[in-house]
Amino acid sequence: RQFAMSVLSLTAEAIPSLCNLVDPPAAGYSPVLQVLMVKKIKRDDDGLLYRLVLSDGTFYCDGALNSKLYHLVEEGVLDNFCYVQDGQCNAVEVHKTVVLVIIDLVVLQNVGVRWGTPSRFSPAIDSQERKRKSSEPLLIVRNHFYIRNTEDDSNEDNDSPTCDGCNGKPCDWIKYGPDIITFVEELCDVEELKLTNKNKRFLSYSGYSAWKHGYLGRNNRVKVPHCVETGIQSNYTEEDGTYVGFRSSTED
């Protein structure tokens with residue numbers, strides 16, 4: 001989306017607020033930022049990633065675009081010096097700093113010049129917070145797909161065959177799988193995580209459960225259908241072909 005505005009103001013202290021890992025801003029916080037730089041990064045798997053430098057006029061930090069926003073760059077809508085309104089983002093720790101993963105934004109206007117003389121924001125991340133953040137990938141995946149669950153109003157496709165594994169029309173793997181795998185891969189790229197395929201399968205299973213069922217409550221689990229399980233395993237294989245099956249909370 002693109003809107004033209006005659007007078008724009010950057011949101012003061014937006015970068016420190018968005019980068020706060022301990023006390024993040026409340027839901028609905030939508031600051032206006034300036035994109036100082038957009039850079040295409042080629043990945044080892046021949047994919048790509050768009051990295052950003054984001055500013056509130058006083059501070060700047062690194063960012064990255066969700067793949068669903070790549071078209072804004074490719075269509076020339078999002079470029080250097082654009083003012084944008086952040087609709088949703090996740091702050092993740094990367095090498096003792098914080099990167100903002102932009103999930104949704106509105107492009108407001110390209111002012112053609114940098115506003116202010118911002119300096120790099122360097123958040124203090126202590127050892128206790130770093131230990132707590134070690135579980136952040138799982139929290140990010142779950143929270144992202146909890147939101148997708150609340151937004152999902154899709155109906156069954158009566159023209160699709162009924163899946164024997166999940167009874168879905170279409171199959172749950174076709175409906176959910178590609179987006180889940182893409183999100184997990186982007187998260188690993190942005191955080192530069194060195195996860196095993198077992199770790200990635202666990203994140204993918206958790207993402208499916210959050211998107212399909214929403215919040216189930218503490219220690220409540222629902223078995224992943226065979227079609228989704230095999231789809232995830234085909235993306236994150238084990239050399240010996242051995243996989244851990246469903247385990248209830250009482251079996252942990």
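1. A residue counts as buried when its relative accessible area is under 20%, as exposed when that area is over 50%, and as partly exposed in between. The structure under discussion is a predicted model, and these three words are used below in the sense just given. Cysteine 188 serves as a first example: its relative accessibility is 5%, so it counts as buried.

2. The cysteines may be considered next. A disulfide is a covalent bond between the sulfur atoms of two cysteines. The cut-off applied here requires two cysteine sulfur atoms within 2.5 Å, and by this rule the model has zero disulfides. Cysteine 89 illustrates the result: the closest cysteine sulfur to its own belongs to cysteine 19 and lies 8.1 Å away, which is too far for a bond. Cysteine 89 is also buried, because its relative accessibility is 18%.

3. Which residues lie nearest the centre of the second largest pocket? They are Pro24, Pro25, Cys89, Asn90 and Ala91, out of a lining of 22 residues. Two elements, β4 (82-94) and α4 (136-151), each give two or more residues to this lining. By character, the lining residues divide into twelve nonpolar, seven polar and three charged. The space within the pocket amounts to about 560 Å³.

4. Strand β5 (97-110) has two partners to be described. It runs antiparallel to β4, to which twelve bridges join it, and parallel to β3, with four bridges between the two. Leucine 100 in β5 takes part on both sides: it stands opposite glycine 63, and it is the bridge partner of alanine 91. Alanine 91 has already appeared among the residues nearest the centre of the second largest pocket. As for its surroundings, β5 is mostly covered, since ten of its 14 residues are buried.

5. The loop that follows β5 and leads to β6 contains glycine 112. Is glycine 112 buried, partly exposed or exposed? Its relative accessibility of 43% falls between the two limits, so glycine 112 counts as partly exposed. Glycine 112 and tyrosine 83 are 29 residues apart along the chain, and their C-alpha atoms are separated by 9.7 Å.

6. Aromatic contacts form the next topic. A pair of aromatic rings is described by the distance of the centres and the angle of the planes. Rings are taken to pair if their centres lie within 6.5 Å, and planes over 60 degrees apart count as edge-to-face. By this rule the model has six aromatic pairs. One of them joins phenylalanine 59 and phenylalanine 121, at 5.5 Å centre to centre and 75° between the planes, which makes it edge-to-face. The two residues are 62 apart in the chain: phenylalanine 59 belongs to strand β3 (residues 59-65), whereas phenylalanine 121 sits in the loop between β6 (119-120) and α3 (127-132). Phenylalanine 121 is buried, because its relative accessible area is 17%.

7. A second edge-to-face pair consists of tyrosine 176 and tyrosine 208, with 5.8 Å from centre to centre and 75° between the planes. Why does this pair tie together separate parts of the chain? Tyrosine 176 is in helix α5 (residues 172-191) and tyrosine 208 is in helix α6 (residues 197-213), so the pair connects parts that are 32 residues apart in sequence. Both tyrosine 176 and tyrosine 208 are buried. These two tyrosines also belong to a cluster linked by ring pairs, together with Phe145, Phe183 and Trp211.

8. Some backbone features deserve the attention of a new reader. Most residues other than glycine have a negative phi, and most peptide bonds are trans. The peptide bond from lysine 169 to proline 170 is cis, with omega near 5°, and proline 170 is found in the loop between α4 and α5. Asparagine 167 is placed in the loop between α4 and α5 as well; its phi is positive, near 65°. Asparagine 167 is exposed, because its relative accessible area is 57%.

9. Where does glutamate 13 lie? Its place is in the segment before α1 (14-18). Glutamate 13 is a residue other than glycine with a positive phi, near 60°. Its relative accessible area is 42%, so glutamate 13 is partly exposed.

Technical notes
Residues are numbered from 1 along each chain as its sequence is written. This is a predicted model: local features need pLDDT of at least 70, side-chain atom pairs count only at pLDDT 80 or more; totals for chains, interfaces and linings use all residues. Side-chain values use heavy atoms; hydrogens and water are left out. Rings of Phe, Tyr and Trp (its six-membered ring) pair if their centres lie within 6.5 Å; planes under 30 degrees apart count as stacked, over 60 as edge-to-face and the rest as tilted. Buried means under 20% relative accessible area, exposed over 50%, partly exposed in between (1.4 Å probe, protein chains only). On a 1 Å grid over the protein atoms alone, a cavity is a set of points where a 1.4 Å probe fits but cannot get out, and a pocket is an open set with protein on both sides within 12 Å along at least five of seven lines; lining residues have an atom within 4 Å of a point. Grid points are joined across faces, edges and corners, and a volume is the space filled by probe spheres set on the points. Ala, Val, Leu, Ile, Met, Phe, Trp, Tyr, Cys and Pro count as nonpolar, Asp, Glu, Lys and Arg as charged, and the others, Gly among them, as polar. Two strands pair if DSSP finds at least two bridges between them.
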